[in-house]
Amino acid sequence: MELEYVEHLSPMLKGDIKNYLIDIDGTITEDVPNEEPERMVTCEPFPDALETINKWYDEGHQICFFTSRTEDLREVTETWLNKHGFKYHSVLLGKPRGGNYHWIDNHLVKATRYKGKFTDMVERQVTIEVFRD
C-alpha cells in the first residue's frame, strides 16, 4: 500500500486508490445475526458482490470487511470469505450494531447504502449532514 505523508498528518492513499470498508451480513450475503453463527457457515455470497469486490481488489484498492460480528466469530468469518474466494486485506470485527451510522472522521468519508446490487461506483450529487462552518 503506497501512502503519502504530509507535515505530520495521517497518511493518505496515493492517487485514486480507495479504502473500501464493506459490511458482510446483509451486504455481501444474507443478513445473519451474531446469535445464529451456524448460518454463517452455510450462507452464500451475493454473486455481484464477489465479482465487484474482487475487481476493486485487482485494481489496487484496499478491501477491509468491517462487520458487527464479534471477535469470537473471526475464524468462521475469515474461513467463509476465503472459501468463497473474496480477495481482501483485512477484517475489522466489532462494528457497533444497530445501523443508522453517522461517521465522523478527519479524513474524507463517503458512504453508500447497499440496496440489493453491487456495481461499479458512479458520481451523484446528494444532500448530506455536515458540521456548520
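# Strand E4 and its surroundings

User: Which residues of E4 point one way, and which the other way?

Analyst: This is a predicted model. The side chains of E4 split into two sets, and all of them are buried. On one side are Gln62, Cys64 and Phe66; pointing the other way are Ile63 and Phe65.

User: How many residues of E4 are buried, and what does that say about the strand?

Analyst: A residue is buried if its relative accessible area is under 20%. E4 is largely enclosed by the rest of the structure, because its count of buried residues is 5 of 5.

User: In what order do the strands of the open sheet run?

Analyst: The sheet has 3 strands and is open. Its pairing is parallel. From one strand to the next, the twist averages 25°. The order is E3-E4-E5.

User: Which are the edge strands of this sheet?

Analyst: The sheet order is E3-E4-E5. An edge strand here pairs on one side only. That describes strand E3 (19-22) and strand E5 (90-92).

User: How many bridges join E3 to E4?

Analyst: E4 covers residues 62-66, and E3 and E4 run parallel. Asn19 stands opposite Gln62 in E4. Ile22 stands opposite Phe65 in E4. The number of bridges joining E3 to E4 is 4.

User: Over how many bridges do E4 and E5 pair?

Analyst: E4 and E5 pair in the parallel sense. One facing pair is Phe65 and, in E5, Val91. The number of bridges is 3.

User: Which residues of E3 make up the uncovered face?

Analyst: E3 has two faces, one covered and one not. Tyr20 and Ile22 form the covered face. The uncovered face is Asn19 and Leu21.

User: Which helix lies across E3 and E4, and at what angle does it run to E4?

Analyst: The helix spans residues 47-58. It is H2, and its angle to E4 is about 140°.

User: Is Ser68 buried or exposed?

Analyst: Ser68 sits in the loop between E4 and H3. The cut-off for burial is under 20% relative accessible area. Ser68 has 16% relative accessibility, so it counts as buried.

User: Which residues is Ser68 in contact with, leaving aside its neighbours within four places in sequence?

Analyst: Ser68 and Asp25 are 43 residues apart in sequence, and their C-alpha atoms are 8.4 Å apart. The contacts of Ser68 beyond its sequence neighbours are Asp23, Asn34, Gly94, Lys95, Pro96, Arg97 and Tyr101.

User: What is the exposure class of Arg74?

Analyst: Arg74 lies in helix H3, residues 74-83. Buried means under 20% and exposed over 50%. Arg74 has 25% relative accessibility, so the class is partly exposed.

User: What is the C-alpha to C-alpha distance between Arg74 and Val91?

Analyst: Arg74 is in contact with Val91 and Leu93, leaving aside neighbours within four places in sequence. Arg74 and Val91 are 17 residues apart in sequence. In space, C-alpha to C-alpha, they are apart by 8.3 Å.

User: Which residues does Ser10 touch, not counting residues up to four places away in sequence?

Analyst: Ser10 is in the loop between strand E1 (3-4) and strand E2 (12-13). Its relative accessible area is 39%, so Ser10 is partly exposed. Ser10 and His107 are 97 residues apart in sequence, yet 8.7 Å apart C-alpha to C-alpha. Ser10 touches Asn106 and His107.

User: What pattern does the protein follow along the sequence?

Analyst: The secondary structure comes to 3 helices and 5 strands. Read along the sequence, the pattern is β-β-β-α-α-β-α-β.

User: What share of contacts with a separation of 6 or more comes from residues 24 or more positions apart?

Analyst: The C-alpha trace spans about 45 × 30 × 30 Å along its principal axes. Of the 133 residues, 29% are buried. The share of contacts from residues 24 or more positions apart is 68%.

User: How far apart are the mean positions of the positive and negative charges?

Analyst: The protein exposes about 10000 Å², and carbon and sulfur atoms supply 51% of that area. The charges number 16 positive and 25 negative. Their mean positions are apart by 4 Å.

Conventions: Residues are numbered from 1 along each chain as its sequence is written. This is a predicted model: local features need pLDDT of at least 70, side-chain atom pairs count only at pLDDT 80 or more; totals for chains, interfaces and linings use all residues. Side-chain values use heavy atoms; hydrogens and water are left out. Two strands pair if DSSP finds at least two bridges between them. Axes are lines fitted to C-alpha atoms, for helices over the stretch in contact, and angles run from 0 to 180 degrees between N-to-C directions. Contact means heavy atoms within 4.5 Å. Buried means under 20% relative accessible area, exposed over 50%, partly exposed in between (1.4 Å probe, protein chains only). Accessible areas come from the Shrake-Rupley method with a 1.4 Å probe; for residues, only the protein chains shown count as cover. Lys and Arg count as positive and Asp and Glu as negative; His and the chain ends are not counted. The place of a charge is taken as NZ of Lys, CZ of Arg, CG of Asp or CD of Glu.
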